[in-house]
Amino acid sequence: MGRVALAAIVSSWVILVTVLVNRVVPDPYMDEIFHIPQAQQYCKGNFKSWDPMITTPPGLYYLSLAQVASLFGFYSIKDTSSFSDLCSSAILRSVNGVLAVICCIILYDVITHLKPALDDRKKMLQAVVLSLYPLHWFFTFLYYTDVASLTAVMAMYLASLKRNYWLSALIGAFSVVIRQTNIIWVLFVACTGILDYSLNHRKGIVGKAKSDVCINNPSSENSTGKSNVGLYVKKRKSVKSVDTVESSLPRTPAPTFASSGLVSEVQTILLMLWHKKWEILVLFSPYLLVFVAFILFVRWNGGVVLGAKEAHTVTPHFAQILYFGLVSILALAPMYFSIAHSLDLLHLLRRYGPLCCFFQGFVALIAGFLSVHFFSVAHPYLLADNRHYPFYLWRKIIMAHWSIKYLLVPIYLCSWLSIIHMLGKFQRKIWVLAYFLATAAVLVPAPLIEFRYYTIPFYFLVLHSNFQDSEKWFLTGILYIGVNIFTMMMFLFRPFHWDHEPGIQRFIW
């Protein structure tokens, strides 16, 4: 019932806004001028044609062909001309509308697996609010790869949570065919699966040993009135054997993971990986196959991106990870900006002591200043294209004065402190480290500041943070709705013109 209700809720706004967008902006816009003609070439059966300006693989076009065929019948494929006529801009855009509905249902299932204690209404609320996330919501109505990419990654993660690793790797391979950087999330999902398998297997060993221990009072008597001294001696031997088993492996972190250090968690994982190396290799080999195939593709292609390689060269852009932290915190403002969360952070700082906090803070500040000074990239697209909101944020805020980008560093670091603290309360420290490394691997090589790149790491952040207050979720949904209305109104009803280029220009993320 929850899935049907979710599909109905999301479909209601998808249909209405899709009709409005196609009526006001019927022609391809921005990156659509590359994607839509390319998809139409595929509809004509011309699979050898390729626009050299397209950087991503043709996964979205394959999904489009499948949807058009399913909507109008496979018989239409026989007539190539009529089938190609069906691949209009409106039909191709509707692919993302369908995927948005599917993605919401997948998010609901992921939430169910990660937070089984939640009731159905709270799970539905969280899935709906996540579907309203502005960067995901806006591109639902345009023919971009973002919605398909997110849907595939979440489906891959859901299959992994169900421990169907072959299906998960297969979906992950297709997610890479949609967008190459998803290979990082394939590896991340594989790592999380290995972490869960290793630590759960260790719990099973210890739990099985403990189940053999008979916990009785040594001073009590049995039903025959005889002393249990002999039984007590046997029990002590059993307890000793259990202690031997447990001492051979580091302790499993507590549910809050507050007392467990990163080093001990790494030791636990490495020890279990060594003892179960062949089982783990066989179990998670599908992900390894996907990774090997990706390496072969990169070698054959001469790089990660397909087209426009000169504009998308890998550049160390460490400031990008700082931007992501601030954008994520702002997107979750009702969750983070609260008295309880502030007191929680103060308690954390007090627990570690002023000297430790000062040293760590000093090192983080130095790293932040170095990142924004030496590794803050101003891509030519960012400087020249005033249709994107990052253009105005860069010129009006970050570059308003030479000192602004340095003054923002403490804010970036506080944002990441909040993120790490929130994740660390409910996730293993090694999981938090894996998440940070995966996010950095996706964002740091990207020279262009595109908030669309933040979508998948943002979803993993929210799904693994224990935000359960329905009022805060509701406020977050209201915030998203307000942002979505503003950005869509600006896109549809505030067009402008360039002197050097004909045509109507529109504001976009």
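**Helix packing in a predicted model**

Me: What share of the contacts in the protein chain with a separation of 6 or more comes from residues 24 or more positions apart?
Reply: In this predicted model, such residues account for 77% of those contacts.

Me: What makes H2 oblique to H3?
Reply: The axes of H2 (residues 32-43) and H3 (residues 59-72) cross at roughly 55°. Angles under 35 degrees count as roughly parallel, and 65 to 115 as roughly perpendicular. The crossing angle fits neither range, so H2 is oblique to H3. The axes come within 10 Å, and the crossing is right-handed.

Me: Which residues make that contact, and how do they divide by class?
Reply: H2 supplies His35, Gln38, Ala39, Tyr42 and Cys43. H3 supplies Tyr61, Tyr62 and Leu65. Six are nonpolar, two polar and none charged.

Me: Why is H22 called oblique to H23?
Reply: H22 (residues 409-424) and H23 (residues 429-443) pack at about 140°. Roughly antiparallel needs an angle over 145 degrees, and roughly perpendicular ends at 115. The angle of about 140° lies in neither range, therefore H22 is oblique to H23. Their axes are 9 Å apart, and this crossing is right-handed.

Me: What makes up the contact of H22 with H23?
Reply: Trp416, Ile420, Leu423 and Gly424 come from H22. Trp431, Val432, Tyr435 and Phe436 come from H23. By class, seven are nonpolar, one is polar and none is charged. Gly counts as polar.

Me: How many helices and strands does the protein chain have, and what percentage of its residues counts as buried?
Reply: The chain has 25 helices and two strands. Of its 509 residues, 48% count as buried, with under 20% relative accessible area as the cut-off.

Note on methods:
Residues are numbered from 1 along each chain as its sequence is written. This is a predicted model: local features need pLDDT of at least 70, side-chain atom pairs count only at pLDDT 80 or more; totals for chains, interfaces and linings use all residues. Side-chain values use heavy atoms; hydrogens and water are left out. Axes are lines fitted to C-alpha atoms, for helices over the stretch in contact, and angles run from 0 to 180 degrees between N-to-C directions. Helices (H or I, at least four residues) and strands (E, at least two) are DSSP runs, numbered from the N terminus. A crossing is left-handed if the near helix is turned anticlockwise from the far one by less than a right angle, and right-handed if clockwise. Contact means heavy atoms within 4.5 Å. Buried means under 20% relative accessible area, exposed over 50%, partly exposed in between (1.4 Å probe, protein chains only).
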